[in-house]
Protein chains: 2
Amino acid sequence: MSVIPSPAEAFLDFDEDEAPGEEAPLGRREAGKAERRARIIHAARELIRETGNAGLSMRVLAQRAGVSLATPYNLFGSKRAIVLALLEDVREFRERFALLRATDPLERIFQAVDLQIEIYLADPALYKTMWAAVFDTSDDLRATLWNDKRDAFWRGLIAAAVEAGAIGREISQEWLQRQLDHVFRCIMLDWIVGLLTPEAVPSAAQHGYALILKGAATPEWSGPLGARILASQQRLIEAQGEKLSPL
Amino acid sequence: MSVIPSPAEAFLDFDEDEAPGEEAPLGRREAGKAERRARIIHAARELIRETGNAGLSMRVLAQRAGVSLATPYNLFGSKRAIVLALLEDVREFRERFALLRATDPLERIFQAVDLQIEIYLADPALYKTMWAAVFDTSDDLRATLWNDKRDAFWRGLIAAAVEAGAIGREISQEWLQRQLDHVFRCIMLDWIVGLLTPEAVPSAAQHGYALILKGAATPEWSGPLGARILASQQRLIEAQGEKLSPL
DNA sequence: TGTATAATTTGAACTTGTTATAGGATTGAA
DNA sequence: TTCAATCCTATAACAAGTTCAAATTATACA
């Protein structure tokens, strides 16, 4: 019985356990499969970068990858699964985040958000299609993006803020994280459909995160967050004045 | 030159100006067009209610409406536009909201959110497909849902809260509304893909709105909002304990 | 080593949203 | 009433995602 590996699994394989302890029994069949899979992923990256979202046709992809049209479906399951399988940025994200040094636990959260957005906006063609796939409601691949590693990272940041006394202990960390994620996701959505200009995206995220975090913060930490709200909305209004009104 | 009316226009027509002053020159051609349009809308409603999201095929829809396959495209433009044209709930929403009497301006916001959610959850088949169309990023119908009337209503609620001294005057009302909307939209998204059980949806919305509003609130109004955060997250955690973990 | 079995690629076919073309109906003017 | 212009409908076709039966290949076992 062949099981189609979810993008999340493929992603997990990539991420940490690079321990090559159990690669020995890789028969010729598995090796070929892995190579085809890699070729498909590679071709998909190329095609998206070249032609953008709409340019990724399964027939062109199959031709480019040197396989038949049905093979991507056997190996990944659907077009959407292929697009989501491109998401392996967490390694890069972790490396770059490790370089940041912020003592303030809330500052760390904002830096993480900024970094995430910077990565996405640096490669719009790729990540716009990827995020469009996230918002595709046709099939049931929702668990893909919110994998455990990603969750654990953000929950760690929030837990640190609680430990530092920035966020009240009575606040549910799980739901705080979730509401923050709502803001992040919708900002990505507004970005890919053009309701937010790239310049406004970081400020919009800062603004939303600051609002929610201030709602969850202890009184002592409320002040800086209020200042951050004002600063980010100032940037947003200014950017809006220059460009056409994005709303 | 025939102009395809956007769903937003059709929606606006429906909403307020029912003044039948200019219906006289409705020739036989226009009358037939209006009737076909109504038949298509009616058939779309039926089909979605019967078969759910995936069951709405354009061929079946055309057959059910007694028109040719091309007619819905001529009259509406796309399948997505038809689904979005089903959105005419604002009249019902306004009527029911007018019945609510809350002196507290923030309470009014929470009641409006609850009411909105109640309307959506009362007809899951229809509104799940409708919201799925909202999150469809393929074409450029994004301005449809966020029409001026809807915006004006919510902005009015926020402005009233500012006037009452509940929300700081230094807060940008436009961006506050937008961040609230982010939470609302993502909660709808989580609902339609099954990440949120119907029972959890109202509490999740209350929770998100309370967090953001507390972040924007004046100190005097912060206390009740904090209580609301705790109450809603309590409900969420309890609901989570009963069901399978929705995350 | 040879063969049976299971898994996997493949090319064709199916479904569905969308569009181009051709034919037909409606309106306004002579 | 009749003619011409215009708009609309319907058929067919196209493009893209997805699936299915058959061929092909690798593995397991004698």
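Which residues does B:A112 touch, not counting residues up to four places away in sequence? In this predicted model, the residues are B:F97 and B:L157. B:A112 lies in helix α7 of chain B, and its surroundings offer a convenient point of entry. With 19 C-beta neighbours inside 10 Å, B:A112 counts as partly exposed, because a residue is buried only if 20 or more other C-beta atoms lie within that distance. A further reference point is B:E170, which is 58 residues away from B:A112 in sequence and 24 Å away in space, C-alpha to C-alpha.

The contact of B:A112 with B:L157 belongs to the packing of two helices. Two packed helices are described by the angle between their axes and the distance between the axes. For helix α7 (residues 105-122) of chain B and helix α9 (residues 148-163) of chain B, the angle is about 160° and the axes are 8 Å apart. Angles over 145 degrees count as roughly antiparallel, and α7(B) and α9(B) are therefore roughly antiparallel to each other. The crossing in which α7(B) passes α9(B) is left-handed. On the side of α7(B), the participants are B:P105, B:L106, B:R108, B:I109 and B:A112, and they meet B:L157, B:A160 and B:A161 in α9(B). By class, the residues of this contact are seven nonpolar and one charged, with no polar residue.

The view may now be widened to a whole chain, for which chain A serves. Chain A contains 12 helices and zero strands, and its pattern along the sequence is accordingly written α-α-α-α-α-α-α-α-α-α-α-α. Of its 247 residues, 37% count as buried. Among contacts in chain A between residues at least 6 apart in sequence, 66% join residues at least 24 apart. One residue of chain A for the reader to locate is A:A159, placed in helix α9 (residues 148-163) of chain A. A:A159 has 15 C-beta neighbours inside 10 Å and so counts as partly exposed. Its C-alpha atom is separated by 37 Å from that of A:S78, a residue 81 positions apart from A:A159 along the chain.

How are the two chains related to each other? A rotation of 180° with 0.1 Å of shift along its axis superposes chain A on chain B, with an RMSD of 0.1 Å. The two copies are thus related as by a two-fold rotation axis. Among the residues of chain A, A:G215 comes closest to this axis, its C-alpha lying at 2.1 Å. The same surface serves both copies, since 100% of the contact residues of chain A recur in chain B.

That surface can be described in terms of its elements. Between the chains, 30 residues of chain A are in contact with 30 residues of chain B. On the side of chain A that touches chain B, the elements giving two or more residues are α10 (173-192), α11 (200-216) and α12 (219-242). The most is given by α10(A), with nine residues. By class, this side of chain A has 17 nonpolar, eight polar and five charged residues.

Two helix pairs show how the chains meet. In the pairing of α11(A) with helix α11 (residues 200-216) of chain B, the angle is about 90° and the axes are 7 Å apart. Angles of 65 to 115 degrees count as roughly perpendicular, and α11(A) and α11(B) are therefore roughly perpendicular to each other. A:L211, A:I212, A:K214, A:G215 and A:A216 in α11(A) meet B:L211, B:I212, B:K214, B:G215 and B:A216 in α11(B). The residues of this contact comprise six nonpolar, two polar and two charged.

The other pair joins α11(A) to helix α10 (residues 173-192) of chain B, whose axes come within 10 Å and cross at roughly 80°. That makes α11(A) roughly perpendicular to α10(B) as well. A:H207, A:G208 and A:L211 of α11(A) make the contact with B:W175, B:Q179 and B:H182 of α10(B). Here the residues divide into two nonpolar and four polar, with no charged residue. A:L211 is thus named both in the contact with α11(B) and in the contact with α10(B).

Finally, B:A231 is found in helix α12 (residues 219-242) of chain B. B:A231 is partly exposed, with 14 other C-beta atoms within 10 Å. B:A231 and B:A204 are 27 residues apart in sequence, and their C-alpha atoms are 11 Å apart in space.

Conventions. Residues are numbered from 1 along each chain as its sequence is written. Chains are lettered from A and ligands numbered from 1 in the order in which they are written. This is a predicted model: local features need pLDDT of at least 70, side-chain atom pairs count only at pLDDT 80 or more; totals for chains, interfaces and linings use all residues. Two residues are in contact if their C-beta atoms, placed from the backbone, lie within 7 Å. Helices (H or I, at least four residues) and strands (E, at least two) are DSSP runs, numbered from the N terminus. Ala, Val, Leu, Ile, Met, Phe, Trp, Tyr, Cys and Pro count as nonpolar, Asp, Glu, Lys and Arg as charged, and the others, Gly among them, as polar. Copies are superposed by least squares on the C-alpha atoms of residues with pLDDT of at least 70 in both. A residue is buried if 20 or more other C-beta atoms lie within 10 Å of its own, exposed if 12 or fewer, and partly exposed in between; C-beta atoms are placed from the backbone. Axes are lines fitted to C-alpha atoms, for helices over the stretch in contact, and angles run from 0 to 180 degrees between N-to-C directions. Angles under 35 degrees count as roughly parallel, over 145 as roughly antiparallel, 65 to 115 as roughly perpendicular and the rest as oblique. A crossing is left-handed if the near helix is turned anticlockwise from the far one by less than a right angle, and right-handed if clockwise.
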